[in-house]
Structure formats: C-alpha cells, structure tokens
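Colleague: Could you take me through one part of this model in detail, with its charged side chains in view? I would like a connected account rather than a list.

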Amino acid sequence: MFYIITIIAILSIGIFLYKRDPNEKIKREIQKKLAQATMHQRIGKLKEYAELLKEAEELEKKFLTK
C-alpha cells in the first residue's frame with residue numbers, strides 16, 4: 001500500500017514538472033529586469049536603468065514571438 005502511494009506521488013510530481021509553462025522562465029526574467037531597473041532609477045543610475053529596460057523589452061519581444 002505504501003509503495004503504491006509513493007509511486008502515485010512521484011508520478012504526480014513528474015506530471016507537474018512536465019506541464020510547467022515554458023514561458024514562465026521568460027516572464028520571471030522580465031519581472032526581475034524591471035525590478036532591477038526600478039531600483040537603478042530610484043538611486044539615479046539612469047544608464048543602467050536604460051540598459052535594463054532595453055533588455056526587458058528584448059525579452060518581451062522574444063516572449064511575444066513564441
């Protein structure tokens with residue numbers, strides 16, 4: 001009985017990992033870049049802010065083209 005429950009748990013974890021959204025990684029990366037850009041804007045580092053915004057926009061284009 002215990003073995004059956006263990007096998008079911010392992011299979012459900014595998015299915016969960018398999019059905020993950022492949023674009024989730026890109027979404028998280030975009031959010032991370034935007035948060036970093038906001039921090040740079042607040043402390044006055046506008047060059048870094050612009051670079052991070054550009055990177056976030058490139059990631060958004062990549063996300064939208066998929």
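Modeller: I will begin with K33, which counts as buried because its relative accessibility is 16%, and the cut-off for that class is under 20% relative accessible area. Please keep in mind throughout that this is a predicted model, and that the values I quote are computed from it.

The residue K33 lies in helix α2, and, leaving aside residues up to four places away in sequence, K33 touches L52, E55, A56 and L59. One of these contacts, E55, is also a salt-bridge partner of K33, with the closest N and O atoms 2.7 Å apart. This pair links distant parts of the chain, since K33 sits in helix α2 whereas E55 sits in helix α3, which covers residues 46-65, and the two are 22 residues apart. As a general matter, side chains of opposite charge can pair when their charged atoms come close. With a relative accessible area of 31%, E55 is partly exposed, so the bridge joins a partly exposed glutamate to a lysine that counts as buried.

The side chain of K33 also meets that of E29 in a salt bridge, here with an N to O distance of 4.0 Å. That value should be read with the criterion in mind, because a salt bridge requires the side-chain nitrogen to be within 4 Å of a carboxyl oxygen. Unlike the bridge to E55, which links helix α2 with helix α3, the pair of E29 and K33 lies in helix α2, with four residues, or about one turn of the helix, between the two positions. At 30% relative accessibility, E29 counts as partly exposed. The structure holds two salt bridges, and E29, K33 and E55 are linked in a network of such bridges.

From E29 one can look across to helix α3 once more, where E60 lies. The C-alpha atoms of E29 and E60 are separated by 9.7 Å, although the two residues are 31 residues apart along the chain. A similar measure can be given for E60 and I26, which are 34 residues apart in the chain and have their C-alpha atoms separated by 8.0 Å. E60 is itself partly exposed, because its relative accessibility is 35%.

Helix α2, which spans residues 24-43, also contains R28. Together with R20, K25 and K62, R28 forms a positive surface patch. R28 counts as partly exposed because its relative accessibility is 46%, and a residue must have over 30% relative accessible area and no salt bridge to enter such a patch. K33, by contrast, is buried at 16% and forms a salt bridge with E55.

To set this part within the whole, the protein chain has three helices and zero strands, and its elements run α-α-α from the N terminus on. Of the 66 residues in the chain, 12% are buried, and K33 is among the residues that count as buried, at 16% relative accessibility. The chain exposes about 6000 Å², of which carbon and sulfur atoms supply 63%.

Note on methods. Residues are numbered from 1 along each chain as its sequence is written. This is a predicted model: local features need pLDDT of at least 70, side-chain atom pairs count only at pLDDT 80 or more; totals for chains, interfaces and linings use all residues. Side-chain values use heavy atoms; hydrogens and water are left out. Patches are made of residues with over 30% relative accessible area and no salt bridge: like charges are joined within 9 Å, nonpolar side chains (Val, Leu, Ile, Met, Phe, Trp, Tyr) within 5 Å. Accessible areas come from the Shrake-Rupley method with a 1.4 Å probe; for residues, only the protein chains shown count as cover. Lys and Arg count as positive and Asp and Glu as negative; His and the chain ends are not counted. The place of a charge is taken as NZ of Lys, CZ of Arg, CG of Asp or CD of Glu. Buried means under 20% relative accessible area, exposed over 50%, partly exposed in between (1.4 Å probe, protein chains only). Contact means heavy atoms within 4.5 Å.
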